[in-house]
Amino acid sequence: MPTSVSVVGSTGSIGTQALDVLRTSPSEFSVEALGANRSVELLAAQAREFRPAVVALADESRAPALKDLLPAGIELRAGAEALASLGGIGDVVLNGVVGFAGLAVTLTALRSGKRLALANKQSLIAGAPAVAQVRDTPGAEIIPVDSEHCAIHQCLRTGALGEVAKLVVTASGGPFRGRPAASLATVTVADALAHPTWAMGPQNTIDSSTLMNKGLEVLEAHELFGIDFDRIDVVVHPQSVVHSMVEWSDGATVAQLSMPDMRLPIGYALAWPHRLGVAYAPVDWSILGSLTFEAPDRAVFPCLDLAYEAGRTGGLAPAWLVGANEVAVEAFLDGRIRWAQIADVVRSTLDSCEPALAAGTAVVDEIYEADRQARDRAGKLVEAMTA
């Protein structure tokens with residue numbers, strides 16, 4: 001029997017690449033559900049090709065237009081809760097929703113005992129206390145799709161977790177690697193979106209330019225693998241061929257290498273515990289050239305340390321970090337603040353954070369309230385900067 005897959009966020013960068021993987025392995029997978037935020041035409045085209053049982057659209061106002069474009073026999077669900085409900089469908093749920101909005105999908109999938117192919121790092125980071133409550137549901141497991149965490153997941157198969165000395169998360173350095181802070185005062189949105197090695201959506205691309213993306217990946221690695229922050233390092237690797245490494249207690253380091261192509265980690269998560277027979281990013285060793293590594297410039301890219309700070313604080317601090325960063329990035333993309341002010345917004349928002357988290361079943365509500373408060377505080381800071 002083919003593995004049935006629910007692709008949530010199917011019209012985004014991760015979702016479209018996931019469908020490419022599924023398209024090339026039709027005997028191994030079937031598409032059970034597709035969901036998106038508001039991209040009606042593309043979602044309808046995907047539904048016509050893959051013929052899922054269910055399609056969901058978060059934007060209820062656009063649902064009638066989608067209904068007119070869907071083939072007969074496909075169930076249409078509309079609204080944010082409907083999109084989250086796709087987490088309970090299929091053998092594997094791929095969560096490619098962008099940002100904090102993916103938390104509901106993550107929680108539904110884990111509560112339903114599904115294998116979660118997780119490309120939405122924010123839901124695991126901001127929602128960590130809630131995720132912890134449902135992660136032990138029988139059948140539930142998280143296989144990371146982020147290239148760095150997929151690499152660590154693969155490297156950890158070579159030894160026992162108790163033998164890990166540290167995790168080394170690699171970073172491309174983004175479009176501004178090596179530049180002094182003074183030269184970044186007037187960078188444009190187009191400059192920040194010009195990633196040298198990866199094709200990603202706007203949020204993740206801007207996060208890469210500030211190194212917030214790497215900071216979030218440090219928090220994600222901590223949550224996924226249970227390694228404390230003092231044993232998670234970040235190193236800049238511009239070629240993006242070594243996707244991350246694990247250093248073992250005896251001094252050996254194991255790394256995962258492949259050319260930059262998100263279809264490899266997507267396929268790894270979908271096919272786990274097996275490997276696909278399709279090679280998406282093999283290395284041509286005859287032309288590879290040099291692989292270089294350097295320390296990140298933490299003074300120029302303060303978002304990295306802000307993420308470490310939020311992680312060490314714990315509780316609701318990571319939720320504040322994620323909410324503030326999403327508001328700041330949106331403001332930058334809209335031209336309301338400068339690139340360097342993204343870190344200022346996040347830092348000032350974290351200064352207002354009350355991270356304490358009460359125990360009990362209402363933890364999800366507390367996380368959503370923390371997100372609301374962080375966005376409200378960050379929004380006011382943006383307004384003050386633009387006044």
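**Exercise 1. Cysteines**

At 2% relative accessibility, is C303 buried or exposed, and which cysteine sulfur is nearest to that of C303?

*Solution.* Start with the cut-offs: buried means under 20% relative accessible area, exposed over 50%, and partly exposed in between (1.4 Å probe, protein chains only). C303 has 2% relative accessibility, so this residue counts as buried. Next, look for a partner. A disulfide is a pair of cysteine sulfur atoms within 2.5 Å. The nearest cysteine sulfur to C303 belongs to C353 and is 16 Å away, and C303 is in no disulfide. C155 is also buried, at 2% relative accessibility. The sulfur of C150 is the nearest to that of C155, at 9.5 Å, and C155 is in no disulfide. The whole structure holds zero disulfides.

A word on the model before you go on: it is predicted, so local features need pLDDT of at least 70 and side-chain atom pairs count only at pLDDT 80 or more, while totals for chains, interfaces and linings use all residues. Residues are numbered from 1 along each chain as its sequence is written, and side-chain values use heavy atoms, with hydrogens and water left out.

**Exercise 2. The nonpolar cores**

Find which residues touch the most other members of the largest nonpolar core.

*Solution.* A nonpolar core is a set of buried Ala, Val, Leu, Ile, Met, Phe, Trp, Tyr and Cys residues joined through side-chain atoms within 4.5 Å. The largest one has 87 residues, and L167, L321 and W339 touch the most other members. Helix 14 (residues 317-333) supplies the largest share, eleven residues; helices (H or I, at least four residues) and strands (E, at least two) are DSSP runs, numbered from the N terminus. Now select W339: beyond its neighbours within four places in sequence, its contacts (heavy atoms within 4.5 Å) include F176, L184, V300 and F332. Finally, look for the second, separate core of 38 residues, with L19, L43, L70 and I143 among them.

**Exercise 3. Salt bridges**

Which parts does the pair K166 and E247 tie together?

*Solution.* A salt bridge is a side-chain nitrogen of Lys or Arg within 4 Å of a carboxyl oxygen of Asp or Glu. The structure holds 22 of these salt bridges. In the bridge between K166 and E247, the closest N and O atoms are 3.8 Å apart. K166 lies in strand 8 (residues 164-171) and E247 in strand 10 (residues 242-248), so the pair ties together parts 81 residues apart in sequence.

For contrast, try R375 and D371, whose side chains meet at 2.8 Å, N to O. Both lie in helix 16 (residues 363-386), four residues apart, about one turn of the helix. R375 is partly exposed at 27%, whereas D371 is buried at 7%.
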